[in-house]
Amino acid sequence: MKLRLIVLLFVLVGSFALLTTAAAQQPEVLVTADWLEQNLNNPQVRVIEVSVIPGVFERGHIPGAINFVWHTDFVDTVRRDIVTPERFQELARAAGINQDTTVVLYGDNNNWFAAWGAWIFNLYGFDDVRLLDGGRVKWEADGRPLSAAPASYEPGNFTVDAANLNLRAFKADVLRIVEGEAPGVLIDIRSPAEYRGEIFAPEGVQELAVRAGHIPGAVNVPWGQNVREDGTFKSLDELRALYAGLGIDGSQPVVTYCRIGERAALTWFVLRELLGYEAALYDGSWTEWGNAVGVPVENPAGTVWGGR
């Protein structure tokens, strides 16, 4: 009898350990498509789509989702800056977001712009913001429901906090790291060709810099190394190993950047929200640094703007 009890206890402890491990592999800042589909009618959950392909939201979106347009809702439309706190509060309340709402963001382009949205929500002090793992692409690939019907909600009561500048890096902050005046690791998440200076930017984009290359000392970890083929994030163990192999283990502050900040937001989400490292997003990114006067640049390829 005692032996049976001991065996039963061992099994229960083992099962609990497995459940705990599984929970650890699925942090609360991520939701699965299964979870979201089961919570579409949950009044405590508000779904926000942040896509940039024209017409994709109108063609069909996750039922009940509200459309936040990155180019006008998450950034200032006059000066280059993030959305003002007053405007962001107005938008959040209009979407029916309360202090205790769970906000789930998703979008196209591998959740790049949705991750920017998560950064903004965190920056302005919102407590419970999550990403849909795999984003819009996986939701559609799974054959899950879409709706073209607009959604509307009673105004919410979310009140913004002062911006948490620990989550945001400016050019001067980055320069201090480059010059050794402040601790930190810089991660360039662009493609190797951009990083080496072989190209100025991906083909077809409008936002350019007049210098090619990367910020001195930056480590190149292309954003795609964070995700699987279906767009879902790799496991926490895989992500830790990826960055540890490059000497990034959370012992120093990390700053991520790309070209305009959106791809780097995904890596910021991985480092801070999934791995718990101290991480900031340099949203000025290469289009600021590569156009700035007097800052150092490393350009291994030696490509010259306008050169033949």
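Which residues form one aromatic cluster? In this predicted model, the members are Phe68, Phe74, Phe88, Phe121, Tyr124, Phe126 and Phe158. I shall begin with the aromatic residues and then turn to the nonpolar cores.

The count of aromatic pairs comes to 12. Allow me to describe two pairs in detail. In the pair of Trp70 and Phe113, the ring centres are 5.1 Å apart and the planes stand at 70°, so the geometry is edge-to-face. This pair links distant parts of the chain, since Trp70 belongs to helix α4, residues 70-73, while Phe113 belongs to helix α6, residues 112-123, and the two are 43 residues apart. Are these two residues buried or exposed? Trp70 has a relative accessible area of 8% and is buried; Phe113, at 6% relative accessibility, is likewise counted as buried.

The second pair consists of Phe233 and Phe269. Their ring centres lie 5.9 Å apart with the planes at 20°, and therefore the pair is stacked. Phe233 is found in the loop between β7 (219-220) and α10 (236-244), and Phe269 in helix α11, residues 262-274, so the pair ties together parts of the chain that are 36 residues apart in sequence. Both Phe233 and Phe269 are buried.

I turn next to arginine residues placed over aromatic rings. Arg144 lies over the face of Trp139, 5.8 Å from the ring centre. Arg190 is positioned over the face of Trp286, at 4.9 Å from the ring centre.

Let us now consider the nonpolar interior. The largest nonpolar core has 62 residues, and those that touch the most other members are Phe74, Leu105, Trp116 and Ile120. Phe74 also appears in the aromatic cluster with which I opened. Which elements each supply at least two residues of this core? They are α5 (85-94), β4 (102-106), α6, β5 (129-132), β6 (185-188), α10, α11 and β9 (279-281). Helix α6 provides the largest share, with 10 residues.

Trp116 merits a closer look. Leaving aside residues up to four places away in sequence, Trp116 touches Trp70, Phe74, Val75, Ile82, Ile260, Gly261, Glu262, Ala265, Leu281 and Asp283. One of these contacts, Trp70, is the edge-to-face partner of Phe113.

Apart from the largest core lies another, of 15 residues, including Ala169, Ile177, Tyr195 and Trp289.

To close, I would draw your attention once more to helix α6, which holds Phe113 and gives the largest core its largest share of residues.

Terms used:
Residues numbered from 1 in each chain as written. Predicted model: local features only at pLDDT ≥ 70, side-chain atom pairs only at ≥ 80, totals over all residues. Heavy atoms only, no water. Phe/Tyr/Trp six-rings, centres within 6.5 Å; stacked < 30°, edge-to-face > 60°. Helix = DSSP H or I, 4+ residues; strand = E, 2+ residues; numbered from the N terminus. Buried < 20%, exposed > 50% of the residue type's maximum accessible area, 1.4 Å probe, protein only. Lys NZ or Arg CZ within 6 Å of the ring centre and 35° of its normal. Core = buried A, V, L, I, M, F, W, Y, C linked by side-chain atoms within 4.5 Å. Contact = heavy atoms within 4.5 Å.
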